[in-house]
Amino acid sequence: MTIYQQIISLPEKPRGFHLITREVVRALQDIGNIRTGMCQVFIQHTSASLTINENADPTVREDFEMFFNKTVKENDPAYKHDYEGADDMPAHLKASLLGSSVLIPIHNGQLALGTWQGIYLCEHRNHGGSRSLVITAWGQ
Amino acid sequence: MTIYQQIISLPEKPRGFHLITREVVRALQDIGNIRTGMCQVFIQHTSASLTINENADPTVREDFEMFFNKTVKENDPAYKHDYEGADDMPAHLKASLLGSSVLIPIHNGQLALGTWQGIYLCEHRNHGGSRSLVITAWGQ
Amino acid sequence: MTIYQQIISLPEKPRGFHLITREVVRALQDIGNIRTGMCQVFIQHTSASLTINENADPTVREDFEMFFNKTVKENDPAYKHDYEGADDMPAHLKASLLGSSVLIPIHNGQLALGTWQGIYLCEHRNHGGSRSLVITAWGQ
């Protein structure tokens, strides 16, 4: 068994949910040749997150943005951490609801995603800047 | 260190939360002998999910179904992705709230679950069909 | 590649969100020397959870407690599992929303957390007792 690791930086994206499967597959091809193994993508931030969901219809990703905005309100007067912008504390909460990493099996040399699965970068800030991902793959 | 992988198919289950610890343990026994390691279970779908929770009282799993139905409403007029059935878009959202995989340590040759922990398959569709799981274990 | 594992017990903490990065780093130093790899922290309970979020301002963690209490209500008359205390069923739900483990890359011999990332132990019970964590690290 061996392990490979690469840190990549994604250019700033608008607030919302974005497919990044292609970027992860490309990084994985760069870093090594694993037939059976695992690939983790980890985001080094606390106001953006990663998840796996439907890779086809863009309205699914728009509904994600709508749902999470409705569920994690901005400007709740109960927030104490309110001095970094109305989108900041909700971004932290959304990040923990969705998670800071995805872990995907590698089968026959490829990510074993289901037909309809893609990797989402979930940008919860209005101006989140570029985002740093650590991609690690191990196996044989 | 070595790594084993197996893809299993679970027969269709009714909408709700179902214990599948036994099925995972059985697959793990089939695929190899690891004393110290990790086991990941990954679901290759975007309208069902996996989580770890209480393995004893079935009312916990009924309360999960109640809570997630209340929190992620069907027929929200704000949904744009509404043409695959009232249960479809909520299923995608629930899947990302809960997650597409669980990762469990292997200790002394067994899943190191706590006394009360079990693995749940969370079926969010009314008629989800059979579900495909990739089970990967690595260690020594 | 090699793998190390250690089970540690954290003393009881009050209900709320607590930084435990230091405890994890200490355990990691004890268990071995990995330059490039992964570290998983797994909690063996169903009413407490683990997540990664902002490591600086304590009000972020207070807002987490406020948000999750508001989102996952106590004493919902719809709960069937209600005989272990008003905080019990909400604790199970919060645990699955947040997750039972975190998985962090190891880069240059250290946890590759972003500048603002820390590991939270999320104690959802009023009197949760001590909590058992399985820490596993693998790599080379």
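In chain A of this predicted model, residues 24 or more positions apart account for 84% of the contacts with a separation of 6 or more. The chain holds 3 helices and 8 strands. Along the sequence these elements run in the order β-β-α-β-β-α-α-β-β-β-β.

The C-alpha trace of chain A spans about 50 × 30 × 20 Å along its principal axes. A compact globule of 140 residues would have a radius of gyration near 14 Å, and the 16 Å of chain A agrees with this. Of the 140 residues in chain A, 64% are buried. The chain exposes about 5300 Å², with 47% of that area supplied by carbon and sulfur atoms. Chain A carries 12 positive and 15 negative charges. The mean positions of the two sets lie 4 Å apart.

The relation between copies was examined next. A turn of 120 degrees, with a shift of 0.0 Å along the axis, lays chain A on chain B with an RMSD of 0.0 Å. The two copies are therefore related as by a three-fold rotation axis. Their contact surfaces differ. Only 12% of the interface residues of chain A are also interface residues in chain B, so the copies meet through different surfaces.

One helix of chain C was also considered. Helix α3 of chain C covers residues 88-98 and is mostly covered, with 11 of its 11 residues buried. Among these buried residues are C:Asp88, C:His92 and C:Lys94, as well as C:Met89, C:Leu93 and C:Leu97. Just after this helix, C:Gly99 takes a positive phi of about 110 degrees.

Methods
Residues numbered from 1 in each chain as written. Chains lettered and ligands numbered in written order. Predicted model: local features only at pLDDT ≥ 70, side-chain atom pairs only at ≥ 80, totals over all residues. Heavy atoms only, no water. Buried < 20%, exposed > 50% of the residue type's maximum accessible area, 1.4 Å probe, protein only. Helix = DSSP H or I, 4+ residues; strand = E, 2+ residues; numbered from the N terminus. Least-squares fit on C-alpha atoms with pLDDT ≥ 70 in both. Contact = heavy atoms within 4.5 Å. Rg over C-alpha atoms; globule rule 2.2 N^0.38 Å. Areas by Shrake-Rupley, 256 points an atom, 1.4 Å probe, with all protein chains shown as cover. Lys, Arg positive; Asp, Glu negative; His and termini not counted. Charge placed at Lys NZ, Arg CZ, Asp CG, Glu CD.
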